[in-house]
Amino acid sequence: MNGIFIHQQIKALQELGCECHVLLDYNWFPWGGLHKTHGYWRSGFEAFHNYLDEVEGITIHKVPSFVKMPNRLFPENYYERLGRSFSRYIQKTPSLKNADWIYAHFLTDFGYIGTKVKALTGIKLAAIARGDDIHAWPNENPGLIRHIEAVFDHADLIFANSRRLADDANELVSEKYQKEVHIIYNGVDLDKFRPAEREEKQLLQRNFHLDPTKKFLLCVGTPLKEKGWLVLFDAMAEIKNELEHWELLCVAINRNSDDTLDLKREAADRRLGGHVIVMGQLSHDDLAKLYRAVDAFVLPSYNEGMANALLEAAASNLRIIASDVGGHSEIFTDAPDCFLVQPGDLDELKSALKKLTTTDLNKPVWTREMVKKVGTFSDNSKKLLEHFTKSQSFV
């Protein structure tokens, strides 16, 4: 539910001998068609039937969370309710009640819920910061800082997916809650994401119906303003003539919410029709092939912990333009032909795009070697397991 990078890490843990279970909540709903009468029940019904029972050998548990209605008469704290729901489910499920660890992703929500589950079950808690939970959500809702402090106070292990994110998390909380944060980078699959030889690249371009006379710049991200799509379109519009032989390929998940950008309309409004191709959502396998079909990658997002798409692009040996956020400078500081720009800085982004057009695209970038510093999913799951083992005898 939260991204393939989390699944890959859990899968790697299981391959190392850990028995892993994923717990996903849904709103309890009555059977017999009554779920159609209320929004809570409808969303629960849809979630229950959309969740899988297992993925690549990892068991997924569907955990019901009962919502008292009408909620104006039975006000409940969402986090307390989910904490109780998960705890009840764990305690009555034989495969879970003797678990060694709870591993919670994102400190502000499931990390915080994890503190409730630990209090009720006695199971040790590890929580990992991933980016928005430190850089974005607390800005929108400062009350979430109290959640992060609670996680720092009660979790047995705290992780972050970059050093900068770890430092920012400690700066965000009061001094009395500050503690050591261990770095576990997102991994990257170096077998799936790899450079392409010329013949393979040409074949893949034909398969994706890409014009062989053009150069291609790829951006992968959620269709939100925070991912930097608009500043990227603005930059391209201002130097459109210098990008005559370049096209931007936009890969974005299908998303239906009020803050979702219509990338086709935004490109058309800036008269970028001949420079932008909106490809929509691709499977992870097709995305790996698309990386091998293009020439460069851009990610102008306003905040990240460590962008997985950026690591995949580097492993594919692409030139890179990225915002200097999260752990990006930890990996790409000394990389040739990899340009880090300040988030939201139109002039810096234009300058980087101009430099890209004059770069020798046939010269190796060697970013693949740099990605090895970050590690594969297996490498980083071994580090994660080492921390678990040090903190508790792990069976």
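**An exposed histidine, two cores and the overall fold**

With a relative accessible area of 73%, His209 is exposed, because anything over 50% falls in that class. This residue sits in the loop between helix H10 (198-207) and strand E8. Its backbone is a little unusual to look at: phi of His209 is near 60°, a positive value in a residue other than glycine. The model described here is predicted, and every value was computed from it.

Glu56 makes a handy companion to His209. Glu56 is not a glycine either, yet it has a positive phi of about 50°. It is found in the loop between strand E2 (54-55) and strand E3 (58-65). Glu56 counts as partly exposed, because its relative accessibility is 48% and the partly exposed class runs between 20% and 50%.

Zooming out, the protein chain folds into 18 helices and 13 strands. Its C-alpha trace spans about 60 × 50 × 40 Å along the principal axes. Is that what a compact globule would give? What radius of gyration does the protein chain have, and what would a compact globule of 395 residues have? The chain has 22 Å, and the globule would be near 21 Å, so the two agree. Burial fits into this overview too: 50% of the 395 residues count as buried. Of the contacts between residues at least 6 apart in sequence, 72% join residues at least 24 apart.

The outside of the chain can be put into numbers as well. The accessible surface comes to about 19,200 Å², and carbon and sulfur atoms account for 48% of that area. As for charge, the chain has 48 positive and 55 negative charges, and their mean positions are 4 Å apart.

Now for the inside. The largest nonpolar core has 35 residues, and those touching the most other members are Leu218, Val220, Tyr291, Phe297, Leu310 and Ile320. At least two residues of this core come from each of strand E8 (215-220), strand E9 (246-251), helix H13 (284-293), strand E11 (296-299), helix H14 (308-315), strand E12 (319-323) and helix H15 (328-332). Helix H14 gives the most, with 6 residues. A second core, separate from this one, has 31 residues, among them Ala127, Ala166, Ala169 and Val181.

Leu310 shows what such packing looks like up close. Setting aside neighbours within four places in sequence, Leu310 is in contact with Phe297, Leu299, Ile320, Ala322, His328 and Phe332.

Leu287 is another residue to pick out, this time in helix H13. Its relative accessibility is 8%, so Leu287 counts as buried. Residues up to four places away in sequence aside, Leu287 touches Val220, Val251, Leu282 and Glu312. Phe48 is 239 residues from Leu287 along the chain, and the C-alpha atoms of the two are separated by 28 Å.

Thr108 belongs to helix H5 (residues 106-121). Is this threonine, Thr108, buried or exposed? Thr108 is buried, because its relative accessible area is 3% and the cut-off for buried is under 20%. Which residues does Thr108 contact, leaving aside neighbours within four places in sequence? They are Tyr79, Asp133, Trp137, Pro138, Leu144, His147 and Ile148.

Definitions and conventions. Residues numbered from 1 in each chain as written. Predicted model: local features only at pLDDT ≥ 70, side-chain atom pairs only at ≥ 80, totals over all residues. Heavy atoms only, no water. Core = buried A, V, L, I, M, F, W, Y, C linked by side-chain atoms within 4.5 Å. Buried < 20%, exposed > 50% of the residue type's maximum accessible area, 1.4 Å probe, protein only. Helix = DSSP H or I, 4+ residues; strand = E, 2+ residues; numbered from the N terminus. Contact = heavy atoms within 4.5 Å. Rg over C-alpha atoms; globule rule 2.2 N^0.38 Å. Areas by Shrake-Rupley, 256 points an atom, 1.4 Å probe, with all protein chains shown as cover. Lys, Arg positive; Asp, Glu negative; His and termini not counted. Charge placed at Lys NZ, Arg CZ, Asp CG, Glu CD.
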